[in-house]
Amino acid sequence: MISSVVGNSGIPPVGTGVRWFVGPVWAICGATLVIAAVYFAAAIILLAYAMHESTSPELDALAEMEATALDAATAETQGIMQAVGAAGHRIETLGDSITLGIGVLATLRKLLASRKT
C-alpha cells in the first residue's frame, strides 16, 4: 500500500500530504480497538456470570473484605479523632497559659507603675 503511493524512491509524490502515513496508522488503531472490544466484552460476560451466582465464593470473599476494610477504617478514624482531640486540648491548655501569663504581666506592670508614682 505504501509502496504504491510512495513509489520506488521512498519519497511520497507531491500533493499526497500525509495520506501515505495515516492509512496504516488508522488500520493499526482499528485492529487495536477491535481486540480491546473483544476483551472488554469477555470481561463483562465473565463478571455478569460471577455476580449472577448467589453463593459465589468471589462474592463471599468480597463481602468479607468489605467488612474488614470498614472495621479498619473505623478504627483508624477513631485513632485520628483521639489524636486530634488530644492536640486540641494541648492547644487549649497552651492558650490558657499564655492568657494567664499576659494577665499576670499586665497586673505586675500596673503595680510597678503605681509604685513609681
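Colleague: In which helix of the chain is confidence lowest, and in which is it highest?
Modeller: This is a predicted model, and the mean pLDDT of the chain is 79, with 76% of its residues at 70 or more. Where pLDDT is low, the predicted coordinates should not be read in detail. Confidence has its highest mean, 86, in α3, and its lowest, 50, in helix α1 (residues 2-6).

Colleague: What pattern does the chain follow along the sequence?
Modeller: The chain has 0 strands, and its helices number 3. Read along the sequence, the pattern is therefore made of helices alone, given those counts. It is α-α-α.

Colleague: What share of the residues of the chain counts as buried?
Modeller: To count as buried, a residue needs a relative accessible area under 20%. The chain exposes about 10100 Å², and 72% of that area comes from carbon and sulfur atoms. Of the 117 residues, the buried share is 3%.

Colleague: Is L100 buried or exposed?
Modeller: L100 sits in helix α3, which spans residues 57-116. Exposed means over 50% relative accessible area. Because L100 has a relative accessible area of 59%, L100 is exposed.

Colleague: Which residues make the nonpolar surface patch that includes L100?
Modeller: A residue needs over 30% relative accessible area to be in a patch, and L100 has 59%. The patch covers about 500 Å². Its members are L100, V104, L105, L108 and L111.

Colleague: Which backbone oxygen does the side chain of S114 reach, and at what distance?
Modeller: S114 lies in helix α3. With a relative accessibility of 45%, S114 is partly exposed, because that value falls between the limits for buried and exposed. The side chain of S114 reaches the backbone oxygen of L111, a residue that also belongs to the nonpolar patch. The distance is 2.8 Å.

Notes. Residues are numbered from 1 along each chain as its sequence is written. This is a predicted model: local features need pLDDT of at least 70, side-chain atom pairs count only at pLDDT 80 or more; totals for chains, interfaces and linings use all residues. Side-chain values use heavy atoms; hydrogens and water are left out. Patches are made of residues with over 30% relative accessible area and no salt bridge: like charges are joined within 9 Å, nonpolar side chains (Val, Leu, Ile, Met, Phe, Trp, Tyr) within 5 Å. Accessible areas come from the Shrake-Rupley method with a 1.4 Å probe; for residues, only the protein chains shown count as cover. A salt bridge is a side-chain nitrogen of Lys or Arg within 4 Å of a carboxyl oxygen of Asp or Glu. Helices (H or I, at least four residues) and strands (E, at least two) are DSSP runs, numbered from the N terminus. Buried means under 20% relative accessible area, exposed over 50%, partly exposed in between (1.4 Å probe, protein chains only). pLDDT is the predictor's confidence in each residue, from 0 to 100. A polar contact is a pair of N or O atoms within 3.5 Å; within protein, one must be able to donate a hydrogen and the other to accept it, and residues adjacent in sequence count only if both atoms are side-chain atoms.
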